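Me: I would like to learn how to read a model of this kind one feature at a time. Could you take me through it slowly, giving the general idea before the particular case?

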Amino acid sequence: MPALPLAIFFELFWLDLFHVGTYVPPNGVFSLLAMLFLAGRLHIADAPDLAFPMALSLPLAILGARLETWQRKLDTLGYNRVIDAGSSYALLSAATSRAVLSSISQIFLFSFLAFTAGTAVFYLLIWMFRLFLPDLPASSAPTWPVLWLIASGGGILALRIRWAFATFWAGLAILLASLFI
């Protein structure tokens, strides 16, 4: 099972984006879990076979961020209900318990439904891709180090240094060109 190589890829890819204030970055764990499900279900363990599905799974991370943003808005409504509950300990305690239980059940239910629906669509896309294009040439297929190098663009972006960014992408372009030539 390629769990560690996949985790390294997604961590490097989303390294540049982090929580600051109210910004919710893409949830790389959402993509990682979908890829682990797909790799186990379709018995895929090699980097060349996982490269295309990994690219397709990136929007699932954005779906996870949208889900978290929506959950935060619902939590704010629950918090406002706690504030409006009054000053009595019994009322405040009951409102707080309801808000916490509601928050936990909402995030579990919505995450489960979004993950199930997203992974099902993702699985069908990969299944159709493998059905209609079964024999792609593997000579230029990327290995794990190449995939990690591509994903490390997120780490280079996190440095916030222009020349490092430009040098990285120029080197990556040369590397990718040499793979396909």
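**Reading contacts, burial and pairing**

Reply: Let us begin with contacts: once neighbours within four places in sequence are set aside, I150 is in contact with F168, L172 and L176. Please keep in mind throughout that this is a predicted model.

Me: Where does I150 lie, and is it buried or exposed?

Reply: I150 has its place in helix 5, which covers residues 144-151, and with a relative accessible area of 26% it is partly exposed. Distance along the chain and distance in space are separate readings, and here I150 and Y89, which are 61 residues apart in sequence, are 55 Å apart from C-alpha to C-alpha.

Me: Which residues does F10 touch, and how far is it from A61?

Reply: F10, which lies in helix 1, is in contact with G28, S31, L32, M35, M54, S57 and L58 when neighbours within four places are left aside. The C-alpha atoms of F10 and A61 are separated by 9.5 Å, although the two residues are 51 apart along the chain. F10 counts as buried because its relative accessible area is 3%, and buried means under 20%.

Me: What does S57 touch in its turn?

Reply: S57 lies in helix 3 and touches F10, S31, M35 and F122, again without counting residues up to four places away in sequence. Its relative accessibility is 0%, so S57 counts as buried.

Me: How should I read helix 2 as a whole, and which of its residues are buried?

Reply: One can first ask how its length compares with expectation: helix 2 has 15 residues and reaches 21 Å from its first C-alpha to its last, close to the 21 Å expected at 1.5 Å a residue. Its buried residues are G28, F30, S31, L32, A34, M35, L38, A39 and L42, and what covers them includes helix 1, helix 3 and helix 4. Just after helix 2, H43 takes a positive phi of about 55 degrees.

Me: Which residues line the second largest pocket, and how much space lies in it?

Reply: A pocket can be read by its volume and by its lining. About 160 Å³ of space lies in the second largest pocket, and the residues lining it are A7, F10, E11, W14, L15, L17, P26, N27, G28, V29 and L32. Helix 1 (3-13) and helix 2 (28-42) are the elements that give two or more residues to this lining. Sorted by class, the lining has eight nonpolar, two polar and one charged residues.

Me: How many salt bridges are there in the whole structure, and which residues form one?

Reply: The general idea is that side chains of opposite charge can pair when their charged atoms come close. In this structure, a search of the whole finds one salt bridge: R72 pairs with E68, and their closest N and O atoms are 3.1 Å apart. R72 and E68 are separated by about one helical turn, because they are four residues apart in helix 3 (residues 47-83). Both partners are partly exposed, R72 at 33% relative accessibility and E68 with a relative accessible area of 26%.

Me: Finally, where does G86 lie, and how far is it from L157?

Reply: G86 lies in the loop between helix 3 and helix 4, and at 33% relative accessibility it counts as partly exposed. The C-alpha atoms of G86 and L157, which are 71 residues apart along the chain, are separated by 48 Å.

Terms used
Residues are numbered from 1 along each chain as its sequence is written. This is a predicted model: local features need pLDDT of at least 70, side-chain atom pairs count only at pLDDT 80 or more; totals for chains, interfaces and linings use all residues. Side-chain values use heavy atoms; hydrogens and water are left out. On a 1 Å grid over the protein atoms alone, a cavity is a set of points where a 1.4 Å probe fits but cannot get out, and a pocket is an open set with protein on both sides within 12 Å along at least five of seven lines; lining residues have an atom within 4 Å of a point. Grid points are joined across faces, edges and corners, and a volume is the space filled by probe spheres set on the points. Ala, Val, Leu, Ile, Met, Phe, Trp, Tyr, Cys and Pro count as nonpolar, Asp, Glu, Lys and Arg as charged, and the others, Gly among them, as polar. A salt bridge is a side-chain nitrogen of Lys or Arg within 4 Å of a carboxyl oxygen of Asp or Glu. Buried means under 20% relative accessible area, exposed over 50%, partly exposed in between (1.4 Å probe, protein chains only). The expected span of a helix is 1.5 Å times one less than its number of residues. Contact means heavy atoms within 4.5 Å.
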